[in-house]
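Me: I'd like to learn how to read cavities, pockets and helix packing in a model. Can you walk me through it?

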Amino acid sequence: MTRADSSFKAIALAKAQARTALRNVRLTLISNIAIALSLAALLYRENGETPILWWLGVAIPLALFRAWWVSRLAASGAVDTAPYQVLRHLTLLALASGLLWGFVPAAVGVFSTQHGLDYITFIMIGATTGAIIQGAAYSPVSLAFATPVMAATLFRIMMSGDSSDYIIALDGVFLTFMLFRAAIGGEREFTASQMTALEATDLANSLASANNEVLNSNRALEQIARADPLTGLANRSHFRDAAADACRSGQGVAFVLFDVDNFKIINDTRGHDAGDRVIAAVADLLRSSCGPHDLPVRLGGDEFIVVLKGDDVAARALSLARRLSGALTRPLQVLGQPLAITCSIGIAAHPGGPIDVEDVFSRADAALYRAKDDGRACIRLFDARMQEEFLLQRCIDGDLPGALARGELHLEFQPQVVLATGQVVGFEALLRWRHPTAGLIPPPDIIHAAIRLQLSARLLSFIGDAACDFLRALDASGAPPVNVAVNVSPRELTLHSPAKILMDLTQRHGIDPRRVEIEITEEALFDPKQCARELQRIEHYGFGLAIDDFGVGHSSISNLMSIALDTIKIDRSFVHGVSANRQNQQLIAAITAVARPLGHRIIAEGVESQGEAETLRMLGCSYGQGWLYGRPMRAADAVAWLAGLDEERRRERQLA
C-alpha cells in the first residue's frame, strides 16, 4: 500500500469515527441528563444534601452545551473537512463531563454510608458502561468520560476501610479493565469493519474506474476505427454500416462518389505532404457543402463518397455535387501556393424501397467512370443508358468464368500491311465472345470484367496460347514469318506479369518472343514509372511493344521517349476521312515527325479506303490495318487467306 493510499484510508476512517461518534453522543447525552436528574433526586431524598443540587446545576448545562456543540459540529460539515478536530472536541467534552461526574463519589456525603455506596456505585458503573457501549467507534471519547468516574468511584470504595469493600474494589478494577478492554476492542472491530468497507469501496471504485477507462478506450477506438485520421470524416468501415442501414430502410437513398482528378500527379510533383493538404482541404469543402443529415466519407486515397437519404435524394445529390464543384473553382492554397484542382463526380439515386448497397455503389462507380471518360471535371448522374451498361456488366461478370472454362471465347486475327505494297507483316489478335443473350461483347468489356473478377492472368494465358497456336499454324502452312500483336490492359502491368506469362507460353510452343508484340493503350505512357518494371521485363524478354490508340490520351513526348517502343498505332478516329480532314492530317504528320526519328514503326488503324491509305502514306505512315486489307478472321481462315494471298502474288509475279 502506498503512503497516499494509507493517508486516504486514515482520513476516511477518521470521518467514519467522527460521524458515528456524533450520532451516538446524542443518545449518550440524553441518558446522561436523565441519570443526572434521577441521581440528584435520589441523593437529595436520601440525605437532603444541597451540594448535589449544585452539582446538578453544573451537569445539566454542561450536557446541554455538549448537545449544542455536537449539533454545531454536525451542521458545519466539519466531519468531512476536519474529522480529527471533531474527534478532539468530542474527547475534551467527554473528559470535562467525566471529571464532573467523578465529583459525585468523591465529595457527596452519602458515600459515607454502606447503603449509599452500593447504589451510587451501581449508578456510576452503569453510566460508565453505557458511555463505553455508545462510544465503540472511537474509544478515546468513552474512556475520557469513564476514566475519572471509575477512578473516583473505586477510590471512594477503597477509602471506606471495610474488607468487603476491598473485594468490591478489586472486582471494580477488574470490571473497569474489562470495560476499557471492550472499548478498545470495539474500536478495533469498528476500524476493521470500516477498513473492509473502504477496501471494498476502493475495489468497486477501481473496477468502476477501470470499466470507465475501458469504455472510454473502446469509444476512442471505435471513433478511430470509424473515422479517417487525416480528414476526420467517416471512413470506409463506417460507410459500410451507414450505407447498408440507409439502403435497408426503404427510404430514398443516393450516393455521390468522386475523386480528385490527376491526384497522383500532385503527389509526384509536389510531394505527399501537399497531397495530404489537398485531401484535407477537399474534405473541408465537402463538409461545408453537405447538409446536416448527409454523411460525408473518405473511402481512401483521393476517393470520397456522400450518403444521402430521405425525400428527393436525386435533386439533393445533384445540388450537393454542384456546390462542391463550384467550391473547387477557386484554387486551393497548398503550402503557400495556389493549386487549381477539379473533381470527377458520379451520382446514383434510388427513390425508395429496400435495395442492395452494392447495387447503388456500383451505379455511382459507373457514373464516376463515365465522368472520367467524358474528360473529367464533370458530374454524371446514373441514367437509363448507364443502367443498360450496368446490367450488361453484371451479365458479363456472372457468365465470364463459365464461358472461359467452356472455351466459348476465341480469337480473330486482322492483318497489318505495308501501305506502299500491301505486304502482310503481322496480325492483331482480337478477343471475341458471342454471349448467348447479350450478343458480341466488346474486347475491352471482357478484359475489364476479367480484371474485376481476378481472371486477367487466366484470360491472358488463353489469348497467348491461341496466338502461339496461330503462329505455329502459319509456319506449318509455309507462310512467310509474321508477327502477332496481343492486347494487354495497362492495369494488368501492375496486377501480374504479362511478360512472364507470354514468355512461358512462347517457350512451350517454341515461338521466338520477337514475333509477339504486346499492345498497351496510351494510358500506360501517362505514368510510365508505375509500370516501369514490367516494361523493362517486356524489353528484356524480347517482345515487341506497341502503343495502341495513340493520340486520344494525354501522354507527352517525354513519356513517349522514356520507354523502349517498337510501334505506335494511330487511333482510327484520326484515320477515318483523313483525306478531307486538314486538322487530322496535321496531327498525323506531327506524330510521324516525332516517332520516325525515334525508330518507331507507325501503323494507322481503321483504314477503309484507298484514298485514306494514300493520304496516310504521304503523311509518313508506313503501315496500315483495316477493312481495306482484311476483316478480322478466325485462325484457320486467316491462315488460308494469307496462303491464298501469297499464291495470288506469286501468280502476279509470274505474269509480270
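Reply: Sure. This one is a predicted model. Let's begin with a term: a cavity is a set of grid points where a 1.4 Å probe fits but cannot get out.

Me: With that rule, how many cavities of 30 Å³ or more are there?

Reply: The count comes to four cavities of 30 Å³ or more. Let's look at the second largest cavity, which has a volume of about 50 Å³.

Me: Which residues line the second largest cavity?

Reply: Its lining is made of I447, S456, L459, L460, I463, N487 and E492. By class, that's four nonpolar, two polar and one charged. Helix α15 gives the most to this lining, with four residues.

Me: And how is a pocket read?

Reply: A pocket is an open set of points, whereas a cavity is one the probe cannot get out of. Here the second largest pocket has a volume of about 210 Å³. It has 12 lining residues, and Q423, V424, P480, D646 and R649 lie nearest its centre.

Me: Which helix gives the largest share of that pocket's lining?

Reply: That's helix α24, residues 635-655, with six residues. The lining of the second largest pocket has six nonpolar, two polar and four charged residues.

Me: OK, on to helices. What describes two packed helices?

Reply: The angle between their axes and the distance between the axes. Take helix α8 (residues 236-248) and helix α12 (residues 357-373): their axes come within 9 Å and cross at roughly 105°. That makes α8 roughly perpendicular to α12.

Me: Which residues of α8 and α12 meet?

Reply: From α8 you have F239, A243, A244 and C247, and they meet V357, V360 and F361 in α12. By class, this contact has seven nonpolar, no polar and no charged residues.

Me: What about a pair at a smaller angle?

Reply: Try helix α17 (residues 498-509) and helix α19 (residues 532-541), which pack at an angle of about 25° with their axes 8 Å apart. Angles under 35 degrees count as roughly parallel, and that makes α17 roughly parallel to α19. On the α17 side the contact is made by P498, A499, K500 and M503, and on the α19 side by E534, R537, I538 and Y541. The classes here are five nonpolar, no polar and three charged.

Me: Back to α15, then. Where do its axis and that of α13 stand, in distance and angle?

Reply: The axes of α13 (residues 384-406) and α15 (residues 456-477) come within 11 Å and cross at roughly 35°.

Me: Is the crossing of α13 and α15 left-handed or right-handed?

Reply: Left-handed. In this contact P401, L404 and A405 of α13 meet R458, L459 and F462 of α15. The contact divides into five nonpolar, no polar and one charged residue. Notice L459: this residue meets α13, and L459 also lines the second largest cavity.

Terms used: Residues numbered from 1 in each chain as written. Predicted model: local features only at pLDDT ≥ 70, side-chain atom pairs only at ≥ 80, totals over all residues. Heavy atoms only, no water. Axes fitted to C-alpha atoms, helices over the stretch in contact; angles between N-to-C directions. Helix = DSSP H or I, 4+ residues; strand = E, 2+ residues; numbered from the N terminus. Parallel < 35°, antiparallel > 145°, perpendicular 65-115°, else oblique. Contact = heavy atoms within 4.5 Å. Nonpolar A, V, L, I, M, F, W, Y, C, P; charged D, E, K, R; others polar. Left-handed = near helix turned anticlockwise from the far one by under 90°. 1 Å grid on protein atoms, 1.4 Å probe; cavity = no way out; pocket = protein on both sides within 12 Å on 5 of 7 lines; lining within 4 Å. Points joined across faces, edges and corners; volume = space filled by probe spheres on them.
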